Amino acid sequence: MIDRLVIFGATGDLAARYLLPGLAALRAAGLLGERFQVIGSGREDWDDARFRSWAAAQLDRHAPHLPADARQAMVSACGYRRSDVRDPDSVAVAVEGGGPVAAYLALPPPVFPSAVRALGSAGLPAGSRIVLEKPFGEDLASAESLNRLIAETMSERDVFRVDHFLAMTTVQNVLGLRLANRVLEPIWNSAHIACVDIVWDESLALEGRAAYYDGVGALKDMVQNHLLQLLCLVAVEPPASLGERDLRDRKVDVLRSVRPLTLAGAARASRRARYTAGRIGDRDVPAYVDEEGVDPALGTETFAELELEIDNWRWLGTAFRLRTGKALGCDRKEVTVRFREVPGMPSGSGICPAPNVLRFGLEPETLSLELSGVGARIGELSPQTLAAKLRSPELPAYGQLLLGIVNQEAALSIRGDEAEEAWRVITPALDAWSSGLVPMEEYPAGTNGPGPR
Ligand code: NDP
C-alpha cells in the first residue's frame with residue numbers, strides 16, 4: 001500500500017468531480033491509512049490552504065452524501081505543489097518526499113508524454129506507480145509510442161491506464177454472473193446467443209466540454225475503451241484467476257480474436273452521426289455544430305455504432321453490436337444478451353415463444369431476464385420479465401479504481417498491449433470514416449439517434 005498520491009491536473013474537472021470524491025469515499029469506508037496524503041499539483045499559483053479550501057468546496061458540491069468528518073479528513077490530508085509538467089524540475093519537486101508515490105496524470109492527453117518524461121527524470125522511488133487517464137493515445141501509432149515512452153520509465157506492473165468502467169460494480173458483475181452461475185456459462189456461446197448489444201446512450205449533450213470532445217468523438221471517447229472493455233468481459237474465456245495477469249491475458253485474447261474489418265467491411269459495420277437542434281425533457285439543445293467551442297470542420301460524431309464478430313470457437317456466429325451517443329431521448333446504459341429461438345415446440349401447440357433476453361443494466365444497476373412465462377390459459381404463453389434491482393455499489397467507480405492503485409492491484413486497469421489491440425479493432429472504422437465511405441448522419445437531440453439505414 002502506498003500512502004502518497006500526487007495528482008497532476010489537480011485543479012481540473014476530473015479531480016473535482018471524481019478523484020477527490022473517490023478519495024473521500026475511501027476515507028469514509030476506512031480504506032485509506034491515517035498517513036495517506038494527497039498532493040494536488042497544477043499550474044495555478046496556489047498554496048496548501050488555497051487548495052484545501054478549493055477541495056472542500058468540490059467535496060461539498062460533488063460528494064455531499066459523504067459524512068462531513070470523512071470529507072474534512074480528506075481535505076486535511078491535502079497539500080499543494082505548483083508544477084508545469086513540461087518543466088521537469090517542478091515535477092521533481094511535486095513528487096519528492098521519500099517513499100513510493102502514485103503519480104496520477106489527470107491532464108490533457110497531449111501533455112502525457114511530457115509528464116511521463118518528467119517523472120522519468122525525477123527518478124521515482126521504488127514501488128511508485130503512474131496512472132494515466134483515458135484516452136490513451138489518439139490512434140494506434142500514438143498509443144504505441146506512448147507505451148514505448150512509459151516502458152523507458154516504469155515497469156508495466158506499475159502502470160495504471162485508467163478505464164473507470166472496469167471499476168464499476170455492475171461491469172464486473174457481468175463477468176461474475178457469467179462465471180458463478182451454472183445455468184449461464186454452458187449456454188454462453190454462439191450456439192445459444194444470437195447477439196450482444198452493448199449500449200451507452202446518454203441524454204447529456206456536450207455540456208460545455210468541447211475543448212475535450214470536439215475532434216475526439218464518440219468512437220474514440222467511448223467505443224475504443226469503455227465499450228470494448230465491456231465486450232471483453234462478456235466474451236472472455238474463464239481466466240485462471242481474477243488477478244491482473246490472467247484476466248488481462250484473456251481479455252487481450254478476445255481483442256485479438258475480433259475479426260479484422262476491411263475498409264469496405266468497416267463501412268458496412270459502422271455508423272456515425274451527430275445531433276441537430278432538439279429538445280430533451282424541458283431543455284432546448286442546440287445543434288452540436290452550434291455548441292460553444294465546436295469547430296464543424298473537424299466533423300466530430302456524437303453517435304457511433306460498430307458491429308463486430310469474434311472469430312473463435314465460442315463466438316463465431318454471434319454479432320456484437322456496440323452503440324453510444326449523446327443528446328439522445330433517454331439514458332440507456334446496458335448490455336443485452338439475446339438468445340436464439342428455441343429449436344422447436346410440440347406440433348399443434350400453436351405457441352411461438354419469444355427469444356430470451358438477459359439484460360445487465362449498468363446505470364442504474366439492474367438485472368433482468370425476459371422469458372416466455374405461463375399464460376392465463378393452458379397452452380398459452382405470455383412474455384414475462386424477472387427483474388432485480390441490484391444493491392448500489394459501496395464505492396463509486398473512481399473510489400474502487402483509486403483503491404486498486406493504492407493497493408497495487410492492476411486488474412481494473414488496462415495493460416499496454418490491451419490498449420493497442422483496442423485501437424487496432426477500431427482503426428478500420430476510423431479509416432473508413434476518414435475516407436468518406438461512411439456518411440455523417442444526423443439526428444435531432446432528444447430522439448433515439450439516426451433512424452434505420
Ligand atoms: P481539465 O481541462 O478540467 O483539467 C486539466 C488539468 O490539467 C487542469 O488542472 C490544467 O491546469 C492541468 N494542466 C494542463 N496542462 C498542464 C501542464 N502543462 N502542467 C500541469 N498541469 C497542466 O480536464 P479534465 O479534468 O476534464 O480531464 C483530465 C483528464 O481526465 C483528461 O485526460 C480527460 O480525458 C480525463 N477524463 C476526464 C473526465 C471528466 O469527466 N472530466 C472523465 C474521464 C476522463 P490549467 O488550469 O493550468 O490549464
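Two strands pair if DSSP finds at least two bridges between them. That criterion underlies the strand pairings below, including the one in which Ser41 has Arg81 of β3 as its bridge partner. The model is predicted. The briefing covers the ligand site, an open sheet, the strands around β14, and Glu309.

**Ligand site**

- The shell around the ligand holds 23 residues, and Thr11, Asp13, Leu14, Arg43 and Lys134 come nearest.
- By class, this shell splits into 11 nonpolar, 8 charged and 4 polar residues.
- Helix α1, residues 13-28, supplies the largest share of the shell, with 4 residues.
- Arg17 places a polar side-chain atom 3.1 Å from an oxygen atom of the ligand.
- Lys134 uses its backbone instead: an N or O atom there lies 2.8 Å from a ligand oxygen atom.
- Val85 also contributes through its backbone, where a polar atom is 2.9 Å from a nitrogen atom of the ligand.
- On its own, the ligand has 890 Å² of accessible area, and the protein covers 82% of that.

**Open sheet**

- An open sheet is formed by 7 strands, with mixed pairing.
- Their order is β3-β2-β1-β4-β5-β6-β17.
- The edge strands are β3 and β17 (413-414), and each of them pairs on one side only.
- Strand β2 spans residues 37-42, and 5 of its 6 residues are buried, so β2 is largely enclosed by the rest of the structure.
- On one side, β2 pairs with β1 (residues 4-8) in the parallel sense, over 5 bridges.
- Within that pairing, Arg4 has Gln37 of β2 as its bridge partner.
- The chain passes from β1 through α1 to β2, and this β-α-β crossover is right-handed.
- Helix α1 thus has two roles in this account, because the helix that links β1 to β2 is also the one giving the shell its largest share, both read from DSSP runs.
- Strand β2 also runs parallel to β3 (residues 78-82), joined by 5 bridges.
- Here Ser41 is matched with Arg81 in β3.
- Strand β1 is joined to β4 (residues 102-105) by 4 bridges, and these two run parallel as well.
- In β4, Leu105 is the bridge partner of Phe8.

**Strands around β14**

- Strand β14 covers residues 357-362, and 5 of its 6 residues are buried, so β14 is largely enclosed by the rest of the structure.
- Strand β13 (residues 332-339) runs antiparallel to β14, with 5 bridges joining them.
- One of the matched pairs is Thr336 with Arg359 of β14.
- Strand β15 (residues 365-374) is also antiparallel to β14, and 6 bridges join the two.
- In this pairing, Phe360 stands opposite Leu367 of β15.
- The connection from β14 to β15 is a hairpin through 2 residues.

**Glu309**

- Glu309 sits in strand β11, which spans residues 303-309.
- Its relative accessible area is 32%, so Glu309 is partly exposed, a class that lies between the 20% limit for buried and the 50% limit for exposed.
- Ala319 is 10 residues from Glu309 in sequence, and their C-alpha atoms are 5.6 Å apart in space.

Technical notes. Residues are numbered from 1 along each chain as its sequence is written. This is a predicted model: local features need pLDDT of at least 70, side-chain atom pairs count only at pLDDT 80 or more; totals for chains, interfaces and linings use all residues. Side-chain values use heavy atoms; hydrogens and water are left out. A residue is near a molecule or strand if one of its heavy atoms lies within 4 Å of it. A polar contact is a pair of N or O atoms within 3.5 Å; within protein, one must be able to donate a hydrogen and the other to accept it, and residues adjacent in sequence count only if both atoms are side-chain atoms. Accessible areas come from the Shrake-Rupley method with a 1.4 Å probe; for residues, only the protein chains shown count as cover. Ala, Val, Leu, Ile, Met, Phe, Trp, Tyr, Cys and Pro count as nonpolar, Asp, Glu, Lys and Arg as charged, and the others, Gly among them, as polar. Buried means under 20% relative accessible area, exposed over 50%, partly exposed in between (1.4 Å probe, protein chains only). A crossover is right-handed if, with the strands pointing away from the viewer, the path from the first strand over the helix to the second runs clockwise.
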